[in-house]
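Here's a small set of exercises to work through with the model open. Try each task yourself before reading the solution.

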Amino acid sequence: MALRWVWRASLLAACFLSVTGARAQSVLGIVRARSGEPLEGVHVILPESHRGAVTGADGSYRIDGVPPGDHEIEFRHVGYAVLRTIVWVPDDGPAVLDVALETESVRLRDIVVTAEGHAGEMLVRASRSVSVISTADLAELQGRALGDILGRLPGVTTLSTGPSIAKPVIRGLHSQRVLVLQDGVGLEGQQWGGEHAPEIDPFAAGRIEVVRGAASVEYGAGAIGGVVRVDPPDLPESRPIGGTLSLRGFSNNRQGAASLMVEGGPRGLPGLGWRARVSGRRAGDSSTPDYVLGNTGFEEVDVNLAAGYHRGRNGMHVMASRFSTTLGLFKGAHIGNVDDLLRAIERGRPSVEYAFTWDIAPPKQDIVHDILLWRGHVALPGGDVLESSVGYQSNRRSEFDAHARGRDAEEPAFSLTLRSVSGDLKVRMRPRGSWIGVAGISWQDQSNRNGESGFLIPNYHAITGGAFALASRISGTWTHEFGVRLDRRWMEAWPRERLSIGPFVRRTHEWTSMSAHAGTIRKLGAHWSLAAQAALAWRPPGVNELYNFGVHHGTAQFEVGDPTLGVERGRSADLTLRHEDERWTGEVTAYVNRMSGFVHLVPEAEPRVTIRGSFPSFRYTNADVRLAGAEGSLRVLLGWGFVADLSASVVRGTDTATDDPLVLMPADRARFGLSRTWVGDRFDLEAGLTVQTVASQARFVAGADFANPPAGYRIVGLDLVSRFRALGRTLTGTLSADNLLNTPYRDYLSRYRYFVDDPGRTVSFGLLVPFGSAR
Amino acid sequence: MKRLLIPALLALLLPVVSACDSSEPDDHGAGEQEFITRLELRLTAGGRTVTAAAVDDDGDGTGLEIDELVLDAGTTYTGTVVVLDEINDEDVAAEIQEEADEHQFFFTPGGAAASRMSVVVTDRDANALPIGLAFTLTVSAGGGAQGTLNVALSHFDEEPKDGTSRSDETDIDVTFPVTIR
């Protein structure tokens, strides 16, 4: 269990700051359960000096009159493992120490439906619109795909390419506009591709946070539309070896998923913790209610190794991971030219009756993503903390065509290797008065290489550097946040002289721009808060937007890049109202995001006619657009153990020059859930029913797409989750039915919507088995 | 430990700039793509040969030129189809012949002269189904007329080739203007 210097928690802690300069100082912070909720009544003790405190309802504690230097400190709470560590107290300010306690074992009686315990925390969470999926929620979702998990959040949808590929869409933006972070490092894959999913093992997630809207000041130019942070659980400390085995099986595509995690922290070496995880999944063809989707199976093997060591306020963390997958693409979506596409749309179902198979044949993708990460922090004299990280990533992607003309079928149609080295160095300031802040620099060096066959996007080499500063101030019921960042990106690319043929030529680009963020949160009494924020963000055009030239199979679109494209900028503002009390918790956000130079595909007047047939032609163009919308979620305790959940989101994308709606904007949607928990002596059971309603996208330019957006749909899901004692341990079992009524439907953001329905009913069964010290 | 860590942090930041080499591609290795740059119909009747070609030097349609097919009324031509990838110097027709059971050409007359032309495929694959690399084109007797002849190559990957239906995977689709004299 590592100690963490949580930015947001220190914000809260800064409330309690008093006069600085005195010799004796204070130790203060917040104690949380590992799931994130603050713990009340935790005993915090300094054994040497027999001083102590008990945490309040918000998990906060404060011990005054502590002399500067290193002190042993203990956290004790019924039902939780005792946490002992060292706190370093500076001589000119308080020491802020936030900790997460771990349950001794998952106790049956602990699971009581309640909104108490984290009162107030959510109210001042962020001036931005943020959603968090906690460790406890993730335990119930174990084994599900990342896209499936993220799609449950308000304002988040997925752009899918069949059952095997889903990428997050936040407020209508995706791909290069949404940054996905694993363990704090931005995932560098071929993110521009709509059918390129994030390379993440969802089993390894301990917590998922989604930031809706630009977060460029903290995360750089890639975060113009939003951020998905997938963080592992904290590493254990001073604990014998233990772990979990997760299993899940799905009926529809006969998918089996398993993950084995082992972790420990040698008792003799306090501060040291490690974890190893191996996950795998294999799926055959999925089925809609009416037919099999040929060649939509996938297989995935992931390995993740992590270790950390800390002593006092210094520490380091290393992580190595590999994600590897082979996934099939539905053959019926691999069409020749636009006439083929129109014929397939007309038919409305596959031309072939497929039989279920586990085999994955071309067209398919092979992806291997490796990450090496080092991160460290040291306390500077005076109490500030210096943090640094260096990461290396390699993303190798090979795509195989349905048939390779005149070459070995084992040879990919194209392959790309993207290598990135990145790092940052930042100083996290100790609180000064009511201010806290962080400032730093970050850099990245990236190169993309084509393999021996095929050519999709040119080779390139890019160097990006940035400097940023963030500050926040808490005074009374107000919290203010400010941030500014400057980034510069240099790129050399090697397109062909005549785009599809000719010698390679060197082209260079340079972009420099500023991001900024200002936000404020006002607490309105004990149960309400209002947050507002404004952000400036930008993004340089991607290499595909500059140099793409060729047919996109599956949509029969001829896409042409524009090397003269300018920078894309976003100016956005959000307003969030939050409420939290014993009965109901909820938030609603309204936003508007005006983007200038928004890069999108605009149809050209003439189709491109080749010997292969004709293809509608699209060119990447800068345009001025407006994205506006709202999203909200509400959880109400209804009594008799029933809990109701409601979430909804609406987004409107408009080209402001023509007033035309933007393509591929998620349709309006709402999700309603009703659940109840029964607590018994030997087990507890939570049963939940979810109804998701998605409207038809009524905003589209008639005739601009090959087919109108599909009809709206309503799908029902059922989830049973039980924790029970068996074999001397507490097991978690889940039984779920997605699309319970086997409703045929097509989502507008499915890239296969022209050809086939989305998958039908799938029943899944999952089991989470702890062992060793995790029992 | 603190004293050791600070220089370590800084040192790790430095070896960056030279981390990645130049990304200049190798002209002879990388980037080979498949193209079709030439589709040609060669028709012979009575010792005379008529050809019409669709030529696309870049393979991407930028400079596509399609010849007019000039035919004599009341004549039966024996035809062959030539398909080339001149960028990679490959005879695509030979590859089609190799995978004959997965391919079929469809010839569709159109325009005012549609009824004057009839095409019969003369070659067969191992399953005795038509291929279309060889065919006869019969132009009925009569006066001059204008029309078109569409040549389409369907690829049958998993849809069964039945000799009459087209597939959703069209490899070639060219419409030649036709003048009958």
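**Exercise 1.** Work out what share of chain A's residues count as buried.

*Solution.* Start with the cut-off: buried is under 20% relative accessible area, exposed is over 50%, and partly exposed lies in between (1.4 Å probe, protein chains only). By that rule, 59% of the 775 residues of chain A count as buried.

This is a predicted model, where local features need pLDDT of at least 70 and side-chain atom pairs count only at pLDDT 80 or more, while totals for chains, interfaces and linings use all residues. Residues are numbered from 1 along each chain as its sequence is written, chains are lettered from A and ligands numbered from 1 in the order written, and side-chain values use heavy atoms, leaving out hydrogens and water.

**Exercise 2.** Describe the surroundings of Arg239(A).

*Solution.* First, is Arg239(A) buried or exposed? Arg239(A) has 16% relative accessibility, so it counts as buried. Next, look for contacts, meaning heavy atoms within 4.5 Å. Beyond its neighbours within four places in sequence, Arg239(A) touches several residues, among them Arg34(A), Glu102(A) and Ser773(A). Glu263(A) is on that list too.

**Exercise 3.** Find how much of chain B is buried, and how far apart in sequence its contacts reach.

*Solution.* Take burial first: 48% of the 181 residues of chain B count as buried. Then take the contacts in chain B with a separation of 6 or more: 67% of them come from residues 24 or more positions apart. For chain A, the corresponding figure is 67%.
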